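Please examine the sequence and the structure shown below before reading on. The explanation that follows is intended to be read beside them.

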Amino acid sequence: FITTTKGKILKTYNAGETWRELKTNVNDIIYSISFADEEIGFAAGWNGLLLKTEDGGENWKDVSRFTDKYLRDIVFSNKMNGLIIGGGGEIYRTSDGGNDWKLIQSGIISGLTSIPVYSENMSLVLSSTDEVLHSTDYGQNWQRAATGSFTPLTKGIVKSNGVIYIVTHNGILIKSEKSIN
């Protein structure tokens with residue numbers, strides 16, 4: 001899947017050789033897609049856009065607008081537990097497969113940009129400042145840490161040994177000093 005501006009979602013059926021545009025009936029930017037299982041997926045975007053599919057992405061419907069802020073990233077760790085992040089430091093968590101989303105206080109007001117990992121024991125969220133949010137309880141409570149980069153954080157990964165690598169908006173690669181395992 002690829003998301004674009006003007007509510008477009010593209011899907012490939014042949015490993016990227018060709019792409020087909022799927023109908024969403026929205027005109028907002030879509031930033032991220034995540035699937036809870038093979039059939040049920042969600043797409044998050046501008047102005048609180050949240051779309052849902054129940055047929056593997058063939059059809060999408062606008063299910064909820066519980067905020068007017070942008071929703072930058074969405075991740076499901078399993079069929080029931082998901083996380084959405086976005087503008088104003090907003091974090092939303094579901095434990096019922098996306099039927100209800102609960103606002104969780106992040107403790108910061110800057111925009112959130114990426115969810116490198118979301119699981120029962122460890123979750124990380126990156127911000128548009130230089131802060132990383134860390135949770136060990138499925139995203140119910142968050143602790144803050146600054147990277148010292150003084151630039152927006154864009155993407156990150158956690159290696160199997162627990163070391164975190166983060167890329168900033170300026171292309172700087174940051175490696176954690178300690179493992180989070």
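The paragraphs below treat the sheets, then one residue, and then the aromatic side chains of this predicted model.

Strands of a sheet pair through backbone hydrogen bonds, and the pairing may be parallel or antiparallel. In this model, one open sheet consists of three strands in the order β1-β2-β3, with antiparallel pairing. Strands β1 (2–3) and β3 (20–22) stand at its edges; each has a single partner strand, so one side of each is left without a neighbour in the sheet. Three bridges join β2 (residues 9–11) to β3 in the antiparallel sense. The bridge partner of I9 is L22 in β3.

Another open sheet has four strands, in the order β12-β13-β14-β15, and its pairing is antiparallel. Here the edges are β12 (112–118) and β15 (143–146), each of which has a single partner strand, so one side of each lacks a neighbour in the sheet. On average, neighbouring strands of this sheet are turned by 20° against each other, direction ignored. Within the sheet, β13 and β14 (residues 131–135) pair in the antiparallel sense over four bridges, and L126 stands opposite V132 in β14.

Strand β13 (residues 123–127) also contains S127. Is S127 buried or exposed? Its relative accessibility is 0%, and S127 therefore counts as buried. Leaving aside residues up to four places away in sequence, S127 touches I108, S110, G111, L112, T113, P152 and L153. In addition, the side chains of S127 and T129 are joined by a polar contact of 2.8 Å.

The aromatic residues offer another view of the structure, in which a search finds 11 aromatic pairs. The ring centres of F1 and W60 are 6.5 Å apart and the ring planes stand at 90°, so this pair is edge-to-face. F1 belongs to the segment before β1 and W60 to the loop between β6 (50–53) and β7 (61–64), so that the pair links distant parts of the chain, 59 residues apart. F1 counts as partly exposed because its relative accessibility is 39%, whereas W60, at 6%, is buried.

The rings of F42 and F76 are arranged in another way: their centres are 5.1 Å apart and their planes at 15°, so the pair is stacked. Because F42 lies in strand β5 (residues 41–45) and F76 in strand β8 (residues 71–76), the pair ties together parts that are 34 residues apart in sequence. F42 is buried, with a relative accessible area of 0%, and F76 is buried, with a relative accessible area of 9%. Together with F66, Y92 and W101, F42 and F76 form one aromatic cluster. Finally, R72 lies over the face of Y31, at 4.2 Å from the ring centre.

Definitions and conventions: Residues are numbered from 1 along each chain as its sequence is written. This is a predicted model: local features need pLDDT of at least 70, side-chain atom pairs count only at pLDDT 80 or more; totals for chains, interfaces and linings use all residues. Side-chain values use heavy atoms; hydrogens and water are left out. Helices (H or I, at least four residues) and strands (E, at least two) are DSSP runs, numbered from the N terminus. Buried means under 20% relative accessible area, exposed over 50%, partly exposed in between (1.4 Å probe, protein chains only). A polar contact is a pair of N or O atoms within 3.5 Å; within protein, one must be able to donate a hydrogen and the other to accept it, and residues adjacent in sequence count only if both atoms are side-chain atoms. Contact means heavy atoms within 4.5 Å. Two strands pair if DSSP finds at least two bridges between them. Axes are lines fitted to C-alpha atoms, for helices over the stretch in contact, and angles run from 0 to 180 degrees between N-to-C directions. Rings of Phe, Tyr and Trp (its six-membered ring) pair if their centres lie within 6.5 Å; planes under 30 degrees apart count as stacked, over 60 as edge-to-face and the rest as tilted. A charge sits over a ring if NZ of Lys or CZ of Arg is within 6 Å of the ring centre and within 35 degrees of the ring normal.
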